[in-house]
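Please open the model in your viewer and keep the selection panel at hand. The tour below goes from one selection to the next and says what is to be found at each stop.

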There are 2 protein chains.
Amino acid sequence: MSRQDSVADTVTKPTARQHKPSSASTAAPMDYVLDEQVGFLMRRAQQRHIAIFQRIMGDNGPTPTQFAAMSKLSAGEEISQNLLGRMTAMDPATIKGVIARLEERGLVERLPDPDDQRRVRVRLSAKGREAIPGLLEKAKAITAATLAPLSREEAERLLALLARLD
Amino acid sequence: MSRQDSVADTVTKPTARQHKPSSASTAAPMDYVLDEQVGFLMRRAQQRHIAIFQRIMGDNGPTPTQFAAMSKLSAGEEISQNLLGRMTAMDPATIKGVIARLEERGLVERLPDPDDQRRVRVRLSAKGREAIPGLLEKAKAITAATLAPLSREEAERLLALLARLD
DNA sequence: GCAAATTCATTTGTATACTAACAATAATTG
DNA sequence: CAATTATTGTTAGTATACAAATGAATTTGC
């Protein structure tokens, strides 16, 4: 099978870090290697994670943000839409769309808040509650698969470092 | 050596759950804490990074993916659009939009490839080349600001771990 | 040398994500 | 109490991201 030709096949890979600042040349690339920057590495790691997420959750499964919302709602309480967004690191515009799509699929319900007419309370539907155990099982498998390249100690270290970057 | 034992068992946090095994309640939350999962932590860390990126690049600056494309093009060679996508971890549909927006702003040019009529060659425009030194300077500041909560050793460890997750 | 497979770029559709502006409602404060 | 301020949710607009389908061009495999 012809594998997808990777970048390495067609591009002269600068390989590892070279201490030599290449001088002389007109370009003067200024010693900046995109592939070593934290933003690029995080983006790639996230892409892989999301691919794993979709593979394990399956075609009808929730997206990562949809699952995040359902996970928080699985505690059982009704939560205002904006607060749920804060709990799942989504701004009001983003959580709105996520909840709308979950509601379309019958997994959550939206109710007016009797104490505050601005608020919309969100909770899992019966169908949503039934889905939770299976989703949590898959979510654990997703975390395990994402961290599979690392040993236990390395994974713990990574999580601790990531937690300090927010 | 520490074999790659399934990370699945590392998920079982010894710290989290309080002792209430009898579970008189219906919920049985199953020992899953969203905020400790690698996907959630990466998403949050990325959100913070992107906010830093936008703050330092400024209102007229490129987005992270736009800058990634410009950075790769700054080596000076003309690159086919799809290959540039591979080099910057974007699929063909994504890189198309990124290049289109850079072209609208006069930072890159698209040319037909004389050797392969399917291909579109992309290169920096004069305006794009002029912008590169300032952008690289800011990009370094962005990396530094993103990693600021960590010591140098911790940052190196994080980058090494992230690099193994893709 | 030619059919089959692959690659390149594009288009369409779905789903985040954020900014900015907005209206309705609540809370605060002078 | 009235005026200001803050919060909640919505809408519109921009920009990733990827899947799937498509058409054109190039490689391949026999």
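Begin in chain B of this predicted model by selecting B:Arg110, whose bridge partner in β3(B) is B:Val122. Widen the selection to the two strands concerned, and you will have β2(B) and strand β3 (residues 120-124) of chain B, which run antiparallel and are joined by 5 bridges. Adding β1 of chain B completes an open sheet of 3 strands, ordered β1-β3-β2 and paired in the antiparallel sense. The edges of this sheet are taken by β1 (79-80) and β2 (108-112) of chain B, each of which pairs on one side only. Now show α2(B), which packs on the sheet and touches β1, β2 and β3 of chain B, while its direction makes about 90° with that of β3(B).

**The sheet of chain A**

Move to chain A and select its 3 strands, which form an open sheet in the order β1-β3-β2 with antiparallel pairing. Here β1 (79-80) and β2 (108-112) of chain A stand at the edges with a single partner strand each, so one side of each has no neighbour in the sheet.

Zoom in on β1(A), which pairs with strand β3 (residues 120-124) of chain A over 2 bridges in the antiparallel sense. Along this pairing, A:Ser80 stands opposite A:Arg121, and A:Ile79 stands opposite A:Val122. On the other pairing, β2(A) and β3(A) run antiparallel and are joined by 5 bridges; if you select A:Leu111 in this part of the sheet, you will find that its bridge partner in β3(A) is A:Arg121.

Next, bring in the helices that lie against these strands. The helix α3(A) lies across β1, β2 and β3 of chain A and runs at about 90° to β3(A). The helix α5(A) also packs on the sheet, where it touches β2 and β3 of chain A, and its direction makes about 115° with that of β2(A).

**How the two chains are related**

Show both chains together and ask what operation superposes chain A on chain B. The answer is a rotation of 180° with 0.0 Å of shift along its axis, which gives an RMSD of 0.0 Å. That is the relation of a two-fold axis. To find the place where chain A approaches this axis, select A:Leu158, which of the residues of chain A comes closest to the rotation axis, with its C-alpha at 3.1 Å. The same surface serves both copies, since 86% of the contact residues of chain A recur in chain B.

Now select the residues where the chains meet: 58 residues of chain A are in contact with 58 residues of chain B. On the side of chain A that touches chain B, two or more residues come from each of α1 (7-10), α2, α3, α6 (126-146) and α7 (152-163) of chain A. Of these elements, α2(A) gives the most, with 13 residues. Coloured by class, this side of chain A shows 33 nonpolar, 12 polar and 13 charged residues.

**The two DNA strands**

Turn to DNA strand C and display the 28 residues around it, of which A:Thr63, A:Ala93, A:Gln117, B:Asn82 and B:Pro92 come nearest. Both chains take part in this surface: two or more residues are given by each of α3 (64-73) and α5 (92-104) of chain A, and by each of α1 (38-57), α3 (81-87) and α4 (92-104) of chain B. The most comes from α5(A), with 5 residues. By class, the surface near DNA strand C divides into 7 nonpolar, 12 polar and 9 charged residues.

Then select DNA strand D, which 26 residues surround, the closest being A:Asn82, A:Pro92, A:Ala93, B:Thr63 and B:Ala93. At least two residues of this surface are supplied by each of α2 (38-57), α4 (81-87) and α5 of chain A, and by each of α2 (64-73) and α4 of chain B. Its largest share, 5 residues, comes from α4(B). The classes near DNA strand D are 7 nonpolar, 11 polar and 8 charged residues.

**A last stop: confidence**

Finally, colour chain A by pLDDT, which averages 86, with 82% of the residues scoring at least 70. Select residues 1-26 of chain A, over which pLDDT stays under 50 and for which the model has 9 contacts beyond four places in sequence. Where pLDDT is low, the predicted coordinates should not be read in detail.

Definitions and conventions: Residues numbered from 1 in each chain as written. Chains lettered and ligands numbered in written order. Predicted model: local features only at pLDDT ≥ 70, side-chain atom pairs only at ≥ 80, totals over all residues. pLDDT = per-residue confidence, 0-100. Contact = placed C-beta atoms within 7 Å. Near = placed C-beta within 6 Å. Helix = DSSP H or I, 4+ residues; strand = E, 2+ residues; numbered from the N terminus. Nonpolar A, V, L, I, M, F, W, Y, C, P; charged D, E, K, R; others polar. Least-squares fit on C-alpha atoms with pLDDT ≥ 70 in both. Pairing = 2+ DSSP bridges. Axes fitted to C-alpha atoms, helices over the stretch in contact; angles between N-to-C directions.
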